[in-house]
Amino acid sequence: MSQTERQPTELTLRGQRATGEGALRGVRGVGSLYVHVPFCFHKCHYCDFYSFVDSRDRQGVFLERLKAELGVLAGHAGALRTVFVGGGTPSLLRAELWEDLLGWLRERFAFGEGCEFTVECNPETVTPELMGVLAAGGVNRVSVGAQSFDRRHLATLERWHEPENVGRALAMARDAGIERRSLDLIFAIPGQTLGEWERDLETALGLPVDHLSCYALTYEPNTAMTKRLERGEFAGADEDLEADMYERTVEMLGSAGFERYEVSNFARSGMACAHNMVYWRGEEWLAAGPSGSAHAGGQRWKNVPHLTEWMDGVARSGGYSPIVDYEGQDALRALCERIMLGLRLGEGLDAEDLQRRAASLGVWEAVRMRIEAHRRSGMLTDERERVRLSGRGFLFADGIASDLMIAAQEKTPG
Amino acid sequence: MARSGYDRCSRPSEKPVGVFGCVIGASGAVIVTINPASIMQIRNFSIIAHIDHGKSTLADRLLQSTHAVSDREAREQFLDDMDLERERGITIKASAVTVKHMVDGEEFMLNFIDTPGHVDFSYEVSRALKACEGAVLVVDSTQGVEAQTVANAYLAIGQDLQLIPVVNKIDLPAAQPDEVAMEIEQILGLPAEDCIYCSAKTGEGIDELLNRICRDLPGPRPPETDKLRALIFDSHYDDYRGVVVYIRVFDGRLRVGDKIRMMGSGRTYFCTELGKYTPKPTKVAEMGPGETGYLIASIKTLADVRVGDTVTQDSNPAAKALEGYEEPKQMVFCDFYPSTTEGKGNSFEELRDAMERLALNDASFTYQPVHSEALGFGFRCGFLGLLHMDIIQERLEREGGVEVVQTAPTVTYQLELTSGEVLEVHNPADLPDPSTWRELKEPIVRTEIIVPREYVGDIMALCMARRGVFKSQTALSETRQMLTWEIPLAEIIYDFYDKLKSMTRGYATMDYEIIGFNPERLAKVDILINGAPVEALSFIAYRDTADKRARGLLVKLKKEIDRHQFEIPLQAAIGGKVIARETIKAMRKNVTAKCYGGDVSRKRKLLDKQKKGKAKMKSIGSVEVPQEAFMAVLDTGE
């Protein structure tokens with residue numbers, strides 16, 4: 001079991017043990033939905049998502065509870081524009097359960113025209129049968145966790161799939177009629193050279209994909225890998241090499257027609273992940289399943305990250321999950337989030353929207369001065385209508401976001 | 001009543017026996033007196049030893065054997081009453097205990113004056129020894145003579161004390177009492193056959209030791225005048241009673257109610273209480289020549305009492321004070337700043353309160369407020385030595401409840417100006433322009449190092465590298481040697497002891513004594529970050545090795561300062577001439593790879609934390625320098 005299962009959940013919202021009920025009050029017409037499937041067949045040591053290896057088969061009960069929760073959420077949703085099923089390993093859910101879930105979703109939710117419906121897949125667990133079921137149920141996009149095509153580096157990450165199976169999984173999706181396909185790749189793996197990373201990118205570009213997510217390996221707190229790094233069992237990648245790899249990624253993918261539309265996400269024209277754009281543009285979405293996070297009505301909250309607790313809670317409260325990490329409406333927090341998330345995007349922030357939000361808090365002058373300073377140093381572009389990172393600025397997105405957030409949070413006199 | 005302890009006598013009609021008399025005071029309190037004629041039956045003595053050679057256990061055993069402490073109430077190491085002392089196995093404060101002992105029907109009063117055992121406290125040892133006529137020199141039979149054995153023995157011999165050598169811990173399987181007795185003879189010239197073999201643990205040899213103390217040690221000298229002269233040899237602060245002054249009466253008598261005068265400071269007080277620790281505090285009505293005890297006189301702070309001063313009667317003062325002791329001399333300095341981590345005990349005000357409280361019961365360290373551009377407001381403190389510094393830091397944190405940041409220690413330099421004036425400088429930042437001074441002198445110590453023979457070569461090389469001047473080499477035994485070197489103190493405080501210990505797998509011991517100041521080729525090294533000089537990082541160093549030390553410092557600094565968006569040169573310079581240089585490369589990348597819906601709150605908080613971290617940093621030459629950088633740099637390791 002993952003250690004996140006031990007997290008305390010005794011949190012109260014409006015005087016009660018918190019459930020999604022309070023947060024959802026007044027929330028209507030949300031167009032995006034995230035569903036979390038926590039099962040995995042192996043807990044990778046770099047992963048900090050809520051997931052665990054299920055030794056008992058709880059998939060059936062899980063699905064019943066998920067349907068109960070989705071039943072409640074349906075009342076707060078409008079016509080869906082995006083759906084994303086992540087994990088965990090959603091492709092580990094048995095095909096007949098998938099069929100049940102997809103049919104049920106169709107029944108309860110309204111799907112908008114051209115709704116983007118993504119399912120995360122593990123290259124080892126997909127079958128033509130599963131792909132058929134997904135496609136028939138309206139799934140039109142898969143995201144396959146490839147991470148690397150080099151066995152040695154896969155082993156470092158504790159990923160045990162065969163590199164060839166990545167291409168096989170994508171082919172299965174294509175053959176089943178799933179039109180949009182993405183791969184996840186990881187670079188700056190300990191021991192990886194720039195040349196090896198370039199080969200991974202070349203291999204990925206040779207596969208039937210329209211979207212690539214390329215992440216620098218991140219040592220998330222409380223993961224097994226971070227603890228091993230801290231114990232000195234291996235050395236992390238050199239900062240210069242990591243920067244070289246990132247710059248090379250932008251270059252290689254750019255010349256292959258994949259535009260960087262977010263720090264770590266690259267897509268052919270029009271193929272950006274609409275669901276993830278909802279996160280980065282600060283729009284609303286609902287979430288189902290343990291540890292799923294939602295953002296609606298200016299609030300953020302997270303379902304309890306514990307399978308049994310979530311299942312019990314949902315059963316007890318008629319479909320509402322117990323929740324943790326609730327954050328209510330807060331204009332300053334929202335402004336900071338806009339800055340942090342918007343700067344990550346190729347399109348950047350809408351300058352007018354930013355000015356309006358900052359001005360209402362009386363901090364626009366402070367923020368504007370910092371924006372001008374970063375424009376002068378070439379970190380932000382000179383476009384007046386957008387606040388947008390330059391190519392070089394992307395390498396320092398955190399520092400610039402932090403700096404603007406400081407300006408927003410400093411009390412301006414008067 | 002004779003063997004049952006003074007605090008038990010109950011009948012006022014009982015006749016005094018031996019040295020001791022006993023009366024019940026008006027209030028009913030038990031008061032102990034001395035028969036004035038019995039001065040020759042008083043023995044004032046100390047126990048001196050190298051650290052961990054069993055001094056405190058021996059002291060306890062002596063108290064137990066005289067029945068001053070019952071077996072039941074005998075807790076280990078009765079005389080050490082601070083936790084810290086117990087933990088570190090050292091005694092910080094000297095205290096005096098009075099017990100009695102019968103030899104062949106003759107009763108003796110034993111005034112046992114406890115002394116600290118460590119290298120830094122030779123000053124405290126010397127002032128305690130002033131009150132004694134003799135000393136028991138304890139050597140561990142499994143360890144042999146060590147550096148502090150020698151240093152303490154020299155101090156005692158220097159004050160004409162009679163020594164009784166004791167070979168302790170003979171119950172241990174590894175004991176080699178005969179060899180150790182030979183070492184004592186070899187190095188200190190005390191005949192091996194005079195050594196008492198004992199075990200403080202089993203009690204073996206304790207009776208013999210008590211008898212020897214009574215028979216071999218001289219009694220107090222006869223009074224030279226009937227006017228009161230009592231020497232202050234220690235003092236401590238008691239929360240309830242104020243300052244408790246330890247005195248040794250040499251001449252005349254002192255009574256409760258007397259108006260007394262401190263001959264050095266000229267201050268006058270009324271003596272409100274006299275007493276002895278037996279070891280429980282026991283009041284007495286008066287004290288005469290040869291006696292040792294405590295004095296309470298409504299003295300508010302330790303600063304009002306000068307150790308070494310002479311107490312006399314205000315109305316009938318002595319003509320001349322006793323030969324005094326020297327003022328404690330602070331030779332090692334460092335700064336304490338409140339820690340910047342958030343929380344209780346981390347403000348300047350709390351640090352100041354803790355300093356003031358600590359100063360109440362340790363008059364031998366000094367402190368004055370300072371401001372550092374890097375660390376804010378704090379205190380520059382002076383200490384007797386390195387251990388003293390560590391103890392003060394621990395006591396500040398433990399007893400004062402504050403968290404402190406400590407800078408690297410420096411020594412006191414003597415600066416001779418062109419005007420002929422001599423200044424003391426212990427902060428490189430205080431060094432004036434080189435054109436205004438003629439000579440900079442640094443303190444030199446004589447150090448005795450005792451080391452197994454196979455390490456002699458290594459230690460010689462170490463001392464040489466630290467600008468040492470070789471003085472002598474003496475064989476203690478077939479396997480051990482004593483080396484005497486003169487070395488600048490600045491080289492000793494800079495990780496010398498750690499090096500010594502690690503090079504000899506812990507076998508070497510050392511002690512040192514400051515013998516004077518020497519003019520040296522010294523220079524102030526400035527550290528520049530991105531071209532901006534950082535006063536808090538400057539240091540005084542020996543010119544010929546300054547570049548090596550500067551380079552080590554820059555390498556550490558480089559590790560502590562995060563990369564910035566621009567390249568940062570780090571330089572060390574003497575008078576504008578760069579002697580070492582390092583470069584922090586420009587940062588290439590500062591961006592979170594993954595940030596999705598569930599990550600927003602956590603990532604936002606992380607960026608907020610980056611911001612808070614920045615607030616704590618000091619901006620120098622547009623470089624954000626974390627406090628850790630100052631600390632790591634000031635850490636003296638290489």
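Here is a short back-and-forth about rings, cores and a sheet in this predicted model.

Reader: What makes the pair of Tyr34(A) and Phe84(A) stacked?
Author: Their ring centres are 6.3 Å apart, and the cut-off for a pair is within 6.5 Å. The planes are 25° apart, and under 30 degrees counts as stacked, so stacked it is. Both residues are buried, too.

Reader: Why say that this pair ties parts of the chain together?
Author: Look at where the two sit: Tyr34(A) is in strand β3 (residues 30-37) of chain A and Phe84(A) in strand β6 (residues 77-87) of chain A, so the pair links parts 50 residues apart in sequence.

Reader: And why is the pair of Tyr219(A) and Phe234(A) called tilted?
Author: Here the centres are 6.2 Å apart and the planes make 35°. Stacked needs under 30 degrees and edge-to-face over 60, so this pair counts as tilted.

Reader: How do you know whether Tyr219(A) is buried or partly exposed?
Author: Its relative accessible area is 22%. Buried means under 20% and exposed over 50%, so Tyr219(A) is partly exposed. Phe234(A), at 17%, counts as buried.

Reader: What makes you put Arg260(A) over the face of Phe394(A)?
Author: Arg260(A) is 3.8 Å from the ring centre, and the limit is within 6 Å, along with a direction within 35 degrees of the ring normal. Lys589(B) likewise lies over the face of Tyr246(A), at 5.6 Å from the ring centre.

Reader: Which residues touch the most other members of the largest nonpolar core?
Author: Out of 130 residues, they are Leu33(A), Leu70(A), Trp98(A), Leu183(A) and Leu343(A). Leaving aside residues up to four places away in sequence, Leu70(A) touches several residues, including Leu33(A), Trp104(A) and Phe109(A). Another core, of 62 residues, lies apart from it, with Ile113(B) and Val166(B) among its members.

Reader: What makes β4 and β8 of chain B edge strands?
Author: Each pairs on one side only. The open sheet runs β4-β5-β3-β6-β7-β8 (chain B), with mixed pairing.

Reader: How do you know that β7 and β8 of chain B pair?
Author: Pairing takes at least two bridges, and 2 bridges join strand β7 (residues 162-168) of chain B to β8(B), so they make the cut. The two run parallel, and Val166(B) stands opposite Ile196(B) in β8(B).

Reader: Which helices pack on that sheet?
Author: Helix α4 (residues 147-158) of chain B does, touching β3, β6 and β7 of chain B. Helix α6 (residues 206-216) of chain B also packs on the sheet, and its direction makes about 95° with that of β4(B).

Notes
Residues are numbered from 1 along each chain as its sequence is written. Chains are lettered from A and ligands numbered from 1 in the order in which they are written. This is a predicted model: local features need pLDDT of at least 70, side-chain atom pairs count only at pLDDT 80 or more; totals for chains, interfaces and linings use all residues. Side-chain values use heavy atoms; hydrogens and water are left out. Rings of Phe, Tyr and Trp (its six-membered ring) pair if their centres lie within 6.5 Å; planes under 30 degrees apart count as stacked, over 60 as edge-to-face and the rest as tilted. Helices (H or I, at least four residues) and strands (E, at least two) are DSSP runs, numbered from the N terminus. Buried means under 20% relative accessible area, exposed over 50%, partly exposed in between (1.4 Å probe, protein chains only). A nonpolar core is a set of buried Ala, Val, Leu, Ile, Met, Phe, Trp, Tyr and Cys residues joined through side-chain atoms within 4.5 Å. Contact means heavy atoms within 4.5 Å. Axes are lines fitted to C-alpha atoms, for helices over the stretch in contact, and angles run from 0 to 180 degrees between N-to-C directions.
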